[in-house]
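Subject: The structure I promised you

Hi,

Here is the structure I said I would pass on. Have a look at it first, then read my notes below.

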Amino acid sequence: MENIVQVHPLTNNPTLLWNHIRRLQFFTDIYVPQHLWHVLQAPPSKNVLRFVCMSDTHSKHLQCNVPEGDVFIHAGDFTMEGERHEVIAFNDWLGTLKHKYKIVIAGNHEQSFDRRFSTGEVNNARQDLTNCSYLEDSGVTICGVKIFGSPWQPNHIGRRGFKLMRGKQCLDKWNLIPADTDVLITHGPPLGHGDLTNFGQRAGCVELLRTVQVRVRPKSHIFGHIHEGYGASFDGQTLFVNASICDGSYRPSNPAFVFDAPISPGFKK
C-alpha cells in the first residue's frame, strides 16, 4: 500500500536526501511580521481553538511572554538538565497560565523522564507535572481535535534522553502515531522543516517526514529541538512549526507561535 512508510536507504544522510527531494517538495515558509502579531492575538471566535505553542524554554520560562489562548503546547526541553527542582518550577509556572488546556511532552534535556536511564527519577519527575496533560506516545482529544505527543528524536549531538538510532528505531515510534491525528507534537523536527543547523546540516528525521506526509497527514505538526530552525512552513496539507523559544545561544529571544484550528462539528468550547 502507498501509505506504508519504510526505512529510506538514505536515512542516515538526511542532508543528502533533502538535496535530492527538495525540488519535488511543495514548500512555503510562513513569516508573520512583528507589527501583525496583534491581529493573531485578538480573541478567537467560538468556532476555533487557539493554540499557543512553545518549545525549548530551558528553564527560562519566566522570561517568556505567553499569549492568551485555549490550548497551550510545550514541545519539550522545558528544563536544562531534567532536575526535579527544574520540573517543579516549570509546573508551578504552568499553574499560572490561564489556558484551559495545557499539553506538554519531554525533550532530550528531560533525561530524568526517559525510563531507560532511571526508573525512580522518572516516576518522581512525571508526578511533579500536575498542571498539564503530559503526553508520551499518547494522545488527548479536545473539542474533537485529536492531539498526539511523542518525545523521541534521532541521535544528533550528545547522549541525552529519548534519542534513538535513525531508521527502524525511530520508525517504530512513529508507527504508534494514529492515522487520524489532527495535531502532532514531537520534540524533534521532520526532515526539511525547521531542521537546518548552523553547520548547514539537516538534523530532521527522514521517516518522520514520510510518516507525516504519507500516512498521518495531520493539520499541524509542532516541534522544536533545533533552536536555529525556529519558524513555520506549509507543504499544502500540514502546518509545520518549530516553536523553539531559545536561540542557538540559549537566549529566550523567539516569540510563541499562535494559530487557530477549527473545532470539529458537534463540539463546542
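How many aromatic pairs does the structure hold? Seven. Before I go through some of them, please keep in mind that this is a predicted model.

Let me start with one of those pairs, Phe-78 and Phe-113. Their ring centres are 5.9 Å apart and the planes sit at 85°, so this pair is edge-to-face (planes over 60 degrees apart count as that). Now look at where the two rings come from. Phe-78 is in the loop between strand S3 (71-74) and H3, while Phe-113 is in the loop between strand S4 (101-104) and helix H4 (119-127), so the pair ties together parts that are 35 residues apart in sequence. Both Phe-78 and Phe-113 are buried.

Phe-113 has another partner too: with Tyr-134 it forms a tilted aromatic pair, 5.4 Å from centre to centre and with 55° between the planes. Tyr-134 belongs to strand S5 (residues 133-134) and Phe-113 to the loop between S4 and H4, so here the parts tied together are 21 residues apart in sequence. Is Phe-113 buried or exposed? Its relative accessibility is 0%, so it counts as buried. If you step back a little, you can find a cluster linked by ring pairs, made up of Phe-72, Phe-78, Phe-90, Trp-93, Phe-113 and Tyr-134.

Some of these names come back in the nonpolar cores. The largest core has 35 residues, and the ones with the most contacts inside it are Met-54, Phe-72, Trp-93, Leu-94, Phe-113 and Leu-129. Strand S2 (48-54), helix H3 (84-94), helix H5 (168-174) and H6 each give at least two residues to this core. Which of them supplies the largest share? That is H3, with four residues. There is also a second, separate core of 24 residues, which includes Phe-51, Cys-53, Ile-73 and Ala-75.

H3 deserves a closer look. Its buried residues are Glu-86, Val-87, Phe-90, Asn-91, Trp-93 and Leu-94. Viewed down the axis of H3, they fall within an arc of 160°, so they line one face of the helix. His-85 is also in helix H3, but His-85 is exposed, because its relative accessible area is 58% and the cut-off for exposed is over 50%. Try measuring from His-85 to Ala-125 in your viewer: the two are 40 residues apart along the chain, and their C-alpha atoms are separated by 9.3 Å.

Helix H1 (residues 14-21) has a similar story to tell. Pro-14, Thr-15, Leu-17 and Trp-18 are buried there. They cover an arc of only 160° around the axis, which puts them on the same side of H1. H6 is among the elements that cover the buried residues of H1.

Next, the sheet. Seven strands form an open sheet, in the order S1-S12-S13-S11-S10-S7-S6, with mixed pairing. Which strands are at the edges? They are strand S1 (28-30) and strand S6 (138-142), and each of them pairs on one side only. From one strand to the next, the twist averages 20°. In case you have not met this yet, strands of a sheet pair through backbone hydrogen bonds, in either a parallel or an antiparallel way. Strand S11 (residues 220-223) and strand S13 (residues 239-242) are a parallel example, paired over four bridges. To find one of the partners, start at Phe-223: its bridge partner in S13 is Asn-242. Helix H6 (residues 206-216) lies across strand S10 (183-186), S11 and S13, and runs at about 175° to S10.

Finally, two residues with backbone angles to check. His-58 has a phi near 50°, which is positive in a residue other than glycine. His-58 is in the loop between S2 and S3, and it is buried, with a relative accessible area of 1%. Phe-162 is not a glycine either, yet has a positive phi of about 60°. Phe-162 is in the loop between strand S8 (153-154) and strand S9 (163-164), and with a relative accessible area of 0% it is buried as well.

Cheers

How values were computed
Residues numbered from 1 in each chain as written. Predicted model: local features only at pLDDT ≥ 70, side-chain atom pairs only at ≥ 80, totals over all residues. Heavy atoms only, no water. Pairing = 2+ DSSP bridges. Axes fitted to C-alpha atoms, helices over the stretch in contact; angles between N-to-C directions. Contact = heavy atoms within 4.5 Å. Core = buried A, V, L, I, M, F, W, Y, C linked by side-chain atoms within 4.5 Å. Buried < 20%, exposed > 50% of the residue type's maximum accessible area, 1.4 Å probe, protein only. Arc of directions from axis to C-beta. Phe/Tyr/Trp six-rings, centres within 6.5 Å; stacked < 30°, edge-to-face > 60°.
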